[in-house]
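Visitor: I have a structure to look through. Could you walk me through it in questions and answers?

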Amino acid sequence: MSSIGSGYDLSASQFSPDGRVFQVEYANKAVEASGTVVALRCKDGIAFAVEKIITSRLYESGSNKRIHNVDKHIGMAVAGLLADARQLLTVARDEAKQYKYDYGVSIPVKYLADRLAMYMHAYTLYGFVRPFGCFILLAAYESDGPQLYGVEPSGVTYAYHGIAVGKAQQTAKTEIEKLKLSELKLEDGINEAAKIIYQVHDEVKDRMFELELSWVGQVNDGKHERVPTQIFAKAESFAKASLEEADDDDDEM
Amino acid sequence: MDVLNPMTYDAEEDQLRDRTKYSQMDKHLIPVEFQQQPVSTGTTIVAVEYDGGVIIGADTRTSSGTFVMNRFTDKLTQLTDRIFCLRSGSAADTQAIAQVVTYQLDFLSAEMNEPPLVRIAANCVRRMIYQYRDDFLAGMIVAGWDKKLGGQVYSCPLGGLLVRQPVTLGGSGSTYIWGYLDNNYRPNMTQQECYDFVLKGITLAITRDGSSGGCARIAIINKDGVERIDVLGNDLPKVFDL
């Protein structure tokens, strides 16, 4: 999977002989090193779950959040370099603000994803800047239903039914594929997303982590927000319980 | 435009001849009858929402002072497939605004890959009017149909206000038919009732307002498309003439 660029990887303005831009691929490596993000597009909304890895007990809990709001109706979850993500968040908010000023209505999430992708792509064209080392997930519940978009460091954007990004993305993706997302309700989706995060979390390598959960859907009228405390507690206990179940199953074998 | 002593809408229209930037010398050298007046769509425009679309209508007179420059003007200007604007005030200003907004909406619909919302069109018109409020004399109505909210009518008068209304009037001729509207408009009228209401309103305004005249142009906009009807002079509904 990883091959050394050997001479063609020094700047984003260079192609390798086999047609790759190594700087962009290295940016993806930065994404893969971050804590996992899981996003599920359920029948009536979208659930974000983020494994926020804590590297020191001295950090105040709740600092360096990885789920943000771009305008009231769009949620953004990030994987990768958080400082890069902060700038993209500012850019996204600016786009949303300008759209509202020009056209009088809230920005559609598809349009925002395209604009953000164009912006991120611009940084993959020149030698004097580096590509953004983050994968941005955008979620909204609009008049034609829930929409989930992901923007990669290369600047491509896809619409997703479900996606996992970060350290454990392969394992998490397998878990997501087991779910029947088109029939899943948002309340259950939140629990499932939390469960996946707990399941793929590596206890050995990263001892401490904080779970971040947010949702946007019919239940809160399309306004993206962190889940209420009771729902959060329920999801966390559901996730921890399923972990224990899995342990018990292992014991039986 | 004096902010501390704002004019009423009618008084501004009468002040038209003072606002001309050109031919200042004309005022001193040439008798009033021969001076050129700015071209205005001193007008009557009407728009009403009904279940499933909108019906819009206007008279067809463009005047330059007392000279009728065009007696069969089309004041119903198409911005997109299903969105029209009705123009009143200075003909040049409103045409310029319509052209710019048509371009903006065309560009936006290409980016978004879907037809623009009526509200967006109305906002673009309003932004222009507000930005150049000290220079423009434009009172416009934006009306049309979109998938999200159906038929909508938005009023964008002189200063740069934007407000959605189920029925609205505009132009110098509208002053004579506000009473007719108050008396005859009811919510939830059928398409035919709305059509009769619009046509009668324009006819009444034409008979009383010197700056409105000619024929009536009406358009029905709904999800199936735009139907344009031109009601020529003789076919206008009969109004009691003293």
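What follows is a set of questions and answers on a predicted model.

Visitor: How does the radius of gyration of chain A sit against the globule rule for 253 residues?
Guide: Chain A holds six helices and 10 strands. The globule rule gives 18 Å for 253 residues, and chain A is close to that, so it is as compact as a globular protein of that length. Its radius of gyration is 19 Å.

Visitor: What share of the residues in chain A is buried?
Guide: Buried here means under 20% relative accessible area. The C-alpha atoms of chain A fill a box of roughly 55 × 50 × 40 Å along the principal axes. Of the 253 residues in chain A, the buried share is 48%.

Visitor: Which strands stand at the edges of the open sheet in chain A?
Guide: The open sheet of chain A has five strands, paired antiparallel, in the order E8-E1-E2-E9-E10. An edge strand has a single partner, so one side of it is left without a neighbour in the sheet. In chain A these are E8 (162–165) and E10 (225–226).

Visitor: Which residue is the bridge partner of A:Ser214 in E10(A)?
Guide: Strand E9 of chain A covers residues 208–217. E9(A) and E10(A) pair in the antiparallel sense over two bridges. The partner of A:Ser214 in E10(A) is A:Arg226.

Visitor: What is the span of helix H4 in chain B, from first C-alpha to last?
Guide: H4(B) runs over residues 91–112, which is 22 residues. At 1.5 Å a residue, 32 Å is expected. The span in the model is close to that, at 31 Å.

Visitor: Over what arc do the buried residues of H4(B) lie?
Guide: The buried residues of H4(B) include B:Ile97, B:Val101, B:Leu105 and B:Leu108. An α-helix has 3.6 residues a turn, so residues three or four places apart point the same way. In H4(B) the buried residues lie on the same side, because they cover an arc of only 145°.

Visitor: Which residues are exposed on the other side of H4(B)?
Guide: Exposed means over 50% relative accessible area. On the other side of H4(B), this holds for B:Ala92, B:Gln99, B:Tyr103, B:Asp106 and B:Ala110.

Visitor: Which residue takes a positive phi just after H4(B)?
Guide: H4(B) ends at residue 112. Just after H4(B), a phi of about 65° appears. The residue is B:Asn113.

Visitor: Is B:Ile55 buried or exposed?
Guide: B:Ile55 sits in strand E3 of chain B, residues 53–58. Among the residues that B:Ile55 touches are B:Val48, B:Cys194, B:Tyr195, B:Val198 and B:Ile220. The relative accessibility of B:Ile55 is 0%, so B:Ile55 counts as buried.

Visitor: How many bridges join E3(B) to E12(B)?
Guide: B:Ile55 of E3(B) touches B:Ile218, B:Ala219 and B:Ile220, among others. One bridge pair is B:Ala58 with B:Arg217 in E12(B). E3(B) and E12(B) run antiparallel, and the number of bridges is six.

Visitor: How many residues of E12(B) are buried?
Guide: One side of E12(B) has B:Ala216, B:Ile218, B:Ile220 and B:Asn222, buried. The other side has B:Arg217, B:Ala219 and B:Ile221, also buried. Both faces are covered, and the buried count for E12(B) is seven of seven.

Visitor: Through how many residues does the hairpin join E12(B) to E13(B)?
Guide: E13(B) covers residues 225–231 and runs antiparallel to E12(B), with seven bridges between them. One bridge pairs B:Ala216 with B:Val231. The hairpin joins E12(B) to E13(B) through two residues.

Terms used: Residues numbered from 1 in each chain as written. Chains lettered and ligands numbered in written order. Predicted model: local features only at pLDDT ≥ 70, side-chain atom pairs only at ≥ 80, totals over all residues. Heavy atoms only, no water. Helix = DSSP H or I, 4+ residues; strand = E, 2+ residues; numbered from the N terminus. Expected span 1.5 Å × (residues − 1). Buried < 20%, exposed > 50% of the residue type's maximum accessible area, 1.4 Å probe, protein only. Arc of directions from axis to C-beta. Rg over C-alpha atoms; globule rule 2.2 N^0.38 Å. Pairing = 2+ DSSP bridges. Contact = heavy atoms within 4.5 Å.
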